[in-house]
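Reader: I am new to this structure and should be grateful for a close look at one part of it, with its surroundings explained afterwards. Please define each term as it arises.

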Amino acid sequence: MSRTTDVVAKDRNQGKNQLRVGRLVKAHGLKGGLKLELYTDNPEGRFVPGAGFTLQVPEASPWHGKEITVREYRVMNGNPVVFFDDVEDRDAADSLVRAILWIDQDVDEVEDDAWFDHQLVGLDVVRDDTVVGRVVRVEHFPAQDLLIVKAGENEVMVPFVSAIVPTVDVQAGRVIVTPPPGLFEELPDAADAEPQMPSDAEAAE
């Protein structure tokens, strides 16, 4: 699940933004259902019947520029599945695959374990109590989000998952990372790392 909340300013006077809350990944069944990749920690609260979403789809899509309304939300075999008004069969569902869902949300409303991109940019990146870089931007990909960290002259792509970024402390201005070996430094060449075996002459001495 994404740990960031994408935000696009929509109406500053009314304090509203659009937030990314899900992506439609695959048609499910024959009655218009679609499996969801969730970008929200509160799917039951987001995908209630009657909830409306703005669709992010290619311009060539018949859904471009349209909104869509939830008819039903279920968890089926452990997978979140959503049904929409006017999506009645598998063909219609297939036309929505890979669409990203956006919803209006109050600026001050932030979900647990989720942050706006602008809250993360500029934070120090701390490893073993040492600052190793600074977050310069956040990249969003279907599989996961990445923190792009400026470390010296290099930019390091850090998967924004709890196993690697266990702590985000916006007030303290830092994120704590526990990266795998090689993420922030080059590993020694395998040939260099192998112990040197004595030659036959050395072994005979």
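Author: Arginine 137 is partly exposed, with a relative accessible area of 34%; in this usage, buried means under 20% relative accessible area, exposed over 50%, and partly exposed in between (1.4 Å probe, protein chains only). The side chain of arginine 137 meets that of glutamate 155 in a salt bridge, at 3.2 Å from N to O. Glutamate 155 lies in strand E13 (residues 154–159) and arginine 137 in strand E11 (residues 130–140), so the pair ties together parts that are 18 residues apart in sequence. A salt bridge here is a side-chain nitrogen of Lys or Arg within 4 Å of a carboxyl oxygen of Asp or Glu. Strands (E, at least two residues) and helices (H or I, at least four) are DSSP runs, numbered from the N terminus. Glutamate 155 is itself partly exposed, at 43% relative accessible area.

Arginine 137 also forms a salt bridge with glutamate 139, at 2.8 Å from N to O. Glutamate 139 counts as partly exposed, with 27% relative accessibility. Arg137, Glu139 and Glu155 are thus linked in a network of salt bridges. In general, side chains of opposite charge can pair when their charged atoms come close.

The model is a predicted one, in which local features need pLDDT of at least 70 and side-chain atom pairs count only at pLDDT 80 or more, while totals for chains, interfaces and linings use all residues. Residues are numbered from 1 along each chain as its sequence is written, and side-chain values use heavy atoms, with hydrogens and water left out.

The structure holds six salt bridges. One of them joins glutamate 72 to arginine 74, with the closest N and O atoms 2.6 Å apart. Glutamate 72 is partly exposed at 30% relative accessible area, and arginine 74 is partly exposed at 33%.

Charged residues also occur in another arrangement. Asp85, Asp86, Glu88, Asp89, Asp91 and Asp94 form a negative surface patch. Patches are made of residues with over 30% relative accessible area and no salt bridge, like charges being joined within 9 Å and nonpolar side chains (Val, Leu, Ile, Met, Phe, Trp, Tyr) within 5 Å. Asp and Glu count as negative and Lys and Arg as positive, whereas His and the chain ends are not counted; the place of a charge is taken as NZ of Lys, CZ of Arg, CG of Asp or CD of Glu.

Within this patch, glutamate 88 is found in the loop between strand E7 (79–84) and helix H2 (90–94), and is exposed at 52% relative accessible area. Aspartate 86 is found in the loop between E7 and H2 and is exposed at 65%. The phi of aspartate 86 is near 70°, a positive value in a residue other than glycine. Most residues other than glycine have a negative phi. Arginine 98, in the loop between H2 and strand E8 (100–106), has a phi near 80°, likewise positive in a residue other than glycine.

As for the whole, the protein chain contains five helices and 15 strands. Of its 205 residues, 39% count as buried.

Definitions and conventions: Areas by Shrake-Rupley, 256 points an atom, 1.4 Å probe, with all protein chains shown as cover.
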